[in-house]
Amino acid sequence: MFKLLIIDTSSCALPFPVPFTPAPPSASIIPALGIDFKVKTVYKNDKRIKLQIWDTAGQERYRTITTAYYRGAMGFILMYDITNEESFGAVQDWSTQIKTYSWDNAQVVLAGNKCDMEEERVVSVDNGRLLAEQLGFEFFETSAKDNINVKQTFERLVDLICDKMSESLDSDPAVPTGAPTAKLTDSAPPLQQSGCNC
């Protein structure tokens, strides 16, 4: 099971959709905190991965409470609004929060959201990419509204987590190493015949 957190500012507005499914995923809102919680099972390299996704949905007023959710998180999508300079400026602070409260090997992807609103852009792609490089994060521009690069962002984050786990557990024969990167899917791998000739 991978616990993932989506951290964004209130200006990002729309909940970040969970990919890999044409239908809206099952979700619940934790009303006291305004945190959107989703569970999604995906498959990669014939392995089943349960994604437990927590979306803070811009509730930075709950920052002191939500830091408790950082514990045990293996990956973060840290999101800013490309039409809001203040949200971009907050990335450094959120990055510090992640490094302070999360697992040392947690993986982070920086996402500039609302790339569908090009005419209102105030944060350039280059500035977003440069900040991601300075922080050591992967970078995407996304649109929650138009579902642009959402699946790719999740796939890359899961890849990064799997790579880090392989590095940590490379002596474990149960962990595949050197296997080609596979796309995440909704479908379980087909059952293999045992080949028994009894």
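Okay, let's start with a hollow: the second largest pocket here has a volume of about 160 Å³. A pocket, on a 1 Å grid over the protein atoms alone, is an open set of points where a 1.4 Å probe fits, with protein on both sides within 12 Å along at least five of seven lines. Grid points are joined across faces, edges and corners, and the volume is the space filled by probe spheres set on them.

Before I go on, a word on what you're looking at. This is a predicted model, where local features need pLDDT of at least 70 and side-chain atom pairs count only at pLDDT 80 or more, while totals for chains, interfaces and linings use all residues. Residues are numbered from 1 along each chain as its sequence is written, and side-chain values use heavy atoms, with hydrogens and water left out.

Back to that pocket. Which residues line the second largest pocket? They are Ile98, Lys99, Ser102, Trp103, Asp104, Ala106, Gln107, Val108, Gly136, Phe137 and Leu160, where lining means having an atom within 4 Å of a point. Helix H3 (91–101) and strand S6 each supply at least two of those lining residues. Helices (H or I, at least four residues) and strands (E, at least two) are DSSP runs, numbered from the N terminus. By type, the lining splits into six nonpolar, three polar and two charged residues. For that split, Ala, Val, Leu, Ile, Met, Phe, Trp, Tyr, Cys and Pro count as nonpolar, Asp, Glu, Lys and Arg as charged, and the others, Gly among them, as polar.

Next up, confidence. pLDDT is the predictor's confidence in each residue, from 0 to 100. The chain averages 78, and 66% of the residues score at least 70. Which elements sit at the two ends of the scale? Strand S2 (residues 27–30) has the lowest mean pLDDT, 45, and helix H4 (residues 125–135) the highest, 97. There are stretches to be careful with: pLDDT stays under 50 over residues 22–32, where the model has 17 contacts beyond four places in sequence. A contact means heavy atoms within 4.5 Å. Residues 173–181 also stay under 50, with ten such contacts. Where pLDDT is low, the predicted coordinates should not be read in detail.

Now for the charged pairs. A salt bridge is a side-chain nitrogen of Lys or Arg within 4 Å of a carboxyl oxygen of Asp or Glu, and by that rule the count is seven. One of them joins Asp81 and Lys114, with the closest N and O atoms 3.1 Å apart. That pair links distant parts of the chain, 33 residues apart: Asp81 sits in strand S5 (residues 75–81), and Lys114 in the loop between strand S6 (107–113) and H4. Are Asp81 and Lys114 buried or exposed? Both are buried, and buried means under 20% relative accessible area, with exposed over 50% and partly exposed in between (1.4 Å probe, protein chains only). Lys114 comes in at 16%. Lys114 also has a positive phi of about 70 degrees although it is not a glycine.

Asn149 does that too, with a positive phi of about 65 degrees although it is not a glycine. Asn149 lies in the loop between S7 and H5 and is partly exposed at 28%.

More salt bridges! Arg129 and Asp126 meet at 3.7 Å, N to O. They are three residues apart in helix H4, so about one helical turn separates them. Arg129 is partly exposed at 38%, and Asp126 is exposed at 55%. Then Arg156 pairs with Glu138, at 3.2 Å between the closest N and O atoms. Arg156 lies in helix H5 (residues 150–168) and Glu138 in strand S7 (residues 138–141), so this pair ties together parts that are 18 residues apart in sequence. Glu118, Arg121 and Glu141 are linked in a network of salt bridges.

Last stop: Phe2, in strand S1 (residues 2–8). Phe2 is buried at 6%. How many residues apart in sequence are Phe2 and Ile161? It's 159, yet their C-alpha atoms are 8.4 Å apart in space. Beyond four places in sequence, the residues Phe2 touches include Ile49, Leu51, Met74, Val158, Ile161 and Met165. Thanks, that's my tour!
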